Amino acid sequence: MIVKRGIGINVGIAIGKTFILEDDAVIVEKKVLPREKIKDEVARYKMALSKTSQELELVKSHVLEALGRQHAKLIDAHSMILKDPLITKDVIGMIVNERVNAEYALSKKIEEVLKKFEKITDTFFIERKNEIIDISKKIIQNLTNKKPNIINQINKPVVLVANNLLPSDLINISKSPYVIAFCTNLGSKTSHTALFAQNMGIPAVLGLGDITKIVKNDTNIIVSSGENSVIIDPTPEMMDVYIKKKEQLAKSEIYLNRIKKLPTVTRDGRKITLMVNLDRDDSIDEYKNMNSDGIGLFRTEFLYLNRDSIPSEDEQVNVYRKILTSTPSLPIVIRTADIGADKVSNIGFKDIISETNPFMGFRGIRLFLRYPDLLKTQIKAIYRASLDTNVHIMIPMVTNLDEIIQVRAIIDDIKKELYAKRITFKEDIPLGVMIEVPSAALIVDYILDYVDFISIGTNDLIQYLLAVDRVNQYVSNMYDPFHPAVLRILNLIVSTAHKKGKKVSVCGEMASDPLGAIVLLSLGVDALSVPLKLFLKVKQHIRSLNYDKLSFLGTKILNESDSSKVVEMIEKEMIYEFK
Amino acid sequence: MIRRDVIVKNEQGLHARPCRIISQVAMNFQSEIKLIKDGYEVNAKSIMGILSMAASKGSVITIIANGSDEREAVEEIANLFETKFDEE
């Protein structure tokens, strides 16, 4: 067992097997070229430069998206090296005057600069020196068209060990779901390697000096970036200690707080809209701290429960105003109350009898359209609270177009009334519906012509589609979110919405289930909305996924008739997470 | 040909950011521009050249420009040193 210390990036523990990325020594031969070949040689060199520059731009856009402007400037220093006259002019000068090949001219010129750097001992300059070496390697790689790209071929979870990582290596790492951590000989806190590690959120220890010389391939290794250390070939006791530490860390506040600040992007840099579901108005502060993309579902049932009167318009305005102004620019979707028979009898609707099958009964928009004053009061309160906010209104339990048309008519009346009273409000509040009944899913193309957005309520949709009552112990095991019928109906909803240029979010339990979230994203769902308590977990999960692979997975699972096979396929996608 | 001596005034010396700024500004001019420190001469348009000078705070640098816009070039680059590259 050997313990090595370096510079830890991120707080995390990874336990796995090493994979050494060989540092391919660049051997450059000198070739003297015939005069007529010089022009081609210069063109070849210029081509390699522009290719390298494109690669850098790609790295920059990754960094920019995930870490912001300040960090992208460091990558700018890289592109400045590429634009340096020493590389653009002097190298070409040497090719032309001495009639030598581009690789040779470049390595000679770089050697000259590096000699000057040798005298400087400041760590800052040593880092710059490494950047110059990286860039020249990159150009030579592009000149020789030698694409090692070994990282893409890794097919099991590994801890990557390397001398130094080029920006292009880092992009490959971020695209590979199997690299669970990495360690390097070189690298400092300000290097692009550190920035990338931060962005990916995986544990990394840099500046280890000679780790590539100490470890062999396929050796057990523990990377504990919070302790700035790696443990090579740990004893079984040490292994146990770290397995426990890792479990504790995953629950610890430091860890979750760090996740809080990170953007919700997949490993390959795709932003995923992640919102929260709220069912009360008392967790607003917690919601504001969560750094989410808004409230995808604000349930209003709590206003009607445990009381014997209907909440007044003013009371509702206060509640909505409080919610809506908490994050005025983020979308907040208020769903009109989805109350059923048992909850209504308390607040004065005595003529309602108890139902034998309440899930298929008098609830949601059905009930509110029978008692339109309830709906009117609620929507009017939302409109009165709407000024300078990003409020959306959503209708639950819609089964046909007529219900939406009736709601639209009520909204028009409310607007007229508010104009007459000279009450100002947000004019263009988007109206959406829940898609949670199979009939609504099957006519979603018609529905989309009447609404601005839709949100899938997977819990109800699945139980109506499969005719399975989740609380009935005899059939609840048949409740299956991966049933091919569920996948087909989800695909129908999402693809139809996208054809009409409209967005689909999911606010059901499936969105916060690790396998469920993978299915939804692979089918192209635009946004997930999850309970506040699970928000960071889901975010962490999304950050471990690879979006490119997900869209591929989408077509695969849609062609699978056996739901247990579907689950197997999805589990394969997240293999690295549990290792 | 115009020459002028300047002093590195910013705290961290000519690290990546000032080097980048100098080379970017220098590239906007037609003139050939050189920086000299203790007899060591580099192209002001080369970020690597400037970096290799490893000029710390207090170093004296000579700017020399030769060309159609030499006056403006020296003026603008000297000004960067004067304003500490907008650092502090």
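Select A:F182 to begin, and in this predicted model you will find that A:F182 stands opposite A:A204, a residue of strand 6 of chain A. Now add A:L160 to the selection, because this gives you the other pairing to look at: the bridge partner of A:L160 in strand 5 of chain A is A:F182, and strand 5 itself is largely enclosed by the rest of the structure, since six of its six residues are buried.

Next, widen the view to whole strands of chain A. Colour strand 4, residues 158-162, together with strand 5, residues 179-184, and follow how strand 4 and strand 5 pair in the parallel sense over five bridges. Then colour strand 6, residues 204-206, which pairs with strand 5 in the parallel sense as well, here over two bridges. While you are looking at strands, it helps to keep in mind that side chains in a regular strand alternate between the two faces of the sheet.

From here, go to helix 4 of chain A, residues 102-118, and select A:L114, which is found in this helix. Is A:L114 buried or exposed? A:L114 counts as buried because its relative accessibility is 14%, which falls under the cut-off of 20%. To see what surrounds A:L114, show A:K129, A:I132 and A:I133, which are its contacts once the neighbours within four places in sequence are left aside. You can also draw a distance from the C-alpha of A:L114 to the C-alpha of A:I126, a residue twelve places apart from A:L114 in sequence, and the separation in space is 9.9 Å.

Now step back and show the whole of chain A, which has 25 helices and 16 strands. Of the 579 residues in chain A, 55% count as buried. Among the contacts in chain A with a separation of 6 or more, 68% are accounted for by residues 24 or more positions apart.

Two loop residues, one in each chain, make the next stop. Select A:A467, in the loop of chain A between helix 19 (458-466) and helix 20 (484-499), where phi is near 50°, a positive value in a residue other than glycine. A:A467 is exposed, and its relative accessible area is 65%. Then move to chain B and select B:D38, in the loop between strand 2 (32-37) and strand 3. Phi of B:D38 is near 45°, again a positive value in a residue other than glycine, and B:D38 is exposed with a relative accessible area of 73%.

Finish where the chains touch, by selecting the 17 residues of chain B that are in contact with 18 residues of chain A. The two chains bury about 1500 Å² between them, of which 79% is on carbon and sulfur atoms. Which residues of chain B lose the most area to chain A? They are B:R20, B:M48 and B:L51, together giving 41% of what that side buries. To place the chain B side of the interface on its backbone, colour helix 1 (16-27), strand 3 (40-43) and helix 2 (47-53), each of which supplies at least two residues to the side that touches chain A. Colouring that side by class gives eight nonpolar, seven polar and two charged residues. Lastly, look across the interface for pairs: the rule finds zero salt bridges between chain B and chain A, whereas four residue pairs are in polar contact, both residues being at pLDDT 80 or more.

Notes: Residues numbered from 1 in each chain as written. Chains lettered and ligands numbered in written order. Predicted model: local features only at pLDDT ≥ 70, side-chain atom pairs only at ≥ 80, totals over all residues. Heavy atoms only, no water. Contact = heavy atoms within 4.5 Å. Buried area = accessible area lost by both parts, 1.4 Å probe. Salt bridge = Lys/Arg side-chain N within 4 Å of Asp/Glu carboxyl O. Polar contact = N/O pair within 3.5 Å; in protein donor to acceptor, adjacent residues only side chain to side chain. Helix = DSSP H or I, 4+ residues; strand = E, 2+ residues; numbered from the N terminus. Nonpolar A, V, L, I, M, F, W, Y, C, P; charged D, E, K, R; others polar. Buried < 20%, exposed > 50% of the residue type's maximum accessible area, 1.4 Å probe, protein only. Pairing = 2+ DSSP bridges.
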